[in-house]
Structures are given as C-alpha cells and as structure tokens.
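Biologist: Hi! Could you pull up the model so we can go through it together?
Modeller: Sure, here it comes.

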Amino acid sequence: MGQDEVSTWDGVTLRSTYSDKVIEGRDKLADAARDGDWSTVLDLLEAHPGWINSGRVGGSSWYAPLHQVAWHGADADIAHRLVAYGAWRTLRTAQGERAVDIADRLGHHHLLVPLTPVVYHPLPAETLRSIQRHFHLLIHDRPTI
C-alpha cells in the first residue's frame, strides 16, 4: 500500500465472522509481530496490505503491528516501512496507548520521530472526543448482518 492510498480498519472483532483461512493468516501476522519477526510481518503485509492496522481477531490487547514495533524497540526502518504501508500512528491499544506512547514508556527513543502522528488539520480536543463518542455509538449499536 502506498503512502497516498487510504488504509482501513475492518471493524470486525469476532473470530466467527471470518473464514478459518483468514483467521490463520491474521494469527500468523499477530504472532510474527509479537515475536518481532519483521520479515514475516512484511511478507504477510505484502500479500495482505489491508491487515496493516489489524490486531489478533478477538484479542484483548488491540496491538497492531506498529504497536509491536514500539514494544520491541525495532529498527526505525521497520516503523517507516509500516507507516508507508498505511499503519495509523494514532491507533490506540485497549489500554489507550498509541505506538509512540509505548516507545516512549519503554525508552525506545529512536522510534519517537517515526511514530509521532502528523497532525494536518488540528481540531479542539472536545471536538475530537465528540466525534469519537459518535463513532463508538455507531460501532456498538450497528445491527449484525
């Protein structure tokens, strides 16, 4: 996925929603990122670029590959490559941390620049909270198919 393309979050959190083949692939991605196996992560994302902002389906941490880069203190080149694939630097874990927050907390200062979100259109904090509340209501109240 190129820098000019838009990445998406699939919004699906139930394992039963996916085929066994997709679950197997997503688990392999989550395992490789958890283990710091960046060549496998990059190979899987080359084949499935839409998985860039995905964690383990049904997982509790909500860690996506970029969060694992921060946790491991991986080389900055890996962070840059994932961002180029479309990784969201603003994506939060279940604990509310962005990748940059994890890197900072763990002392991986070489990752702070590539993981710091770039704000192109700043909005007041209350406006962002309001938008977030509306999205949460939409996601939580949407009917199942």
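Biologist: Which residues of α3 are buried?
Modeller: In this predicted model, they are P65, L66, H67, Q68, V69 and A70. That makes six of the eight residues in the helix, which spans 65-72, so mostly covered is a fair description, with buried meaning under 20% relative accessible area.

Biologist: And what covers the buried residues of α3?
Modeller: Several other helices take part, including α1 (20-34), α2 (38-47), α4 (76-85), α5 (99-105) and α6 (112-115).

Biologist: Thanks. What follows α3?
Modeller: G73 does, and its phi is positive, near 70 degrees.

Biologist: Back to Q68, then. Why does Q68 count as buried?
Modeller: Because its relative accessibility is 11%, and the cut-off for buried is under 20%.

Biologist: Which residues does Q68 touch, leaving out those up to four places away in sequence?
Modeller: Q68 is in contact with A33, R34, W38 and Y63.

Biologist: New topic: pockets. Which residues lie nearest the centre of the second largest pocket?
Modeller: Q68 turns up again here, along with A30, R56, S61 and Y63. The lining has 15 residues, and the pocket volume is about 180 Å³.

Biologist: Which helix gives the largest share of that lining?
Modeller: α1, with five residues. α1 and α3 each supply at least two.

Biologist: How many of the lining residues are nonpolar, polar and charged?
Modeller: Six are nonpolar, six are polar and three are charged.

Technical notes:
Residues are numbered from 1 along each chain as its sequence is written. This is a predicted model: local features need pLDDT of at least 70, side-chain atom pairs count only at pLDDT 80 or more; totals for chains, interfaces and linings use all residues. Side-chain values use heavy atoms; hydrogens and water are left out. Buried means under 20% relative accessible area, exposed over 50%, partly exposed in between (1.4 Å probe, protein chains only). Helices (H or I, at least four residues) and strands (E, at least two) are DSSP runs, numbered from the N terminus. Contact means heavy atoms within 4.5 Å. On a 1 Å grid over the protein atoms alone, a cavity is a set of points where a 1.4 Å probe fits but cannot get out, and a pocket is an open set with protein on both sides within 12 Å along at least five of seven lines; lining residues have an atom within 4 Å of a point. Grid points are joined across faces, edges and corners, and a volume is the space filled by probe spheres set on the points. Ala, Val, Leu, Ile, Met, Phe, Trp, Tyr, Cys and Pro count as nonpolar, Asp, Glu, Lys and Arg as charged, and the others, Gly among them, as polar.
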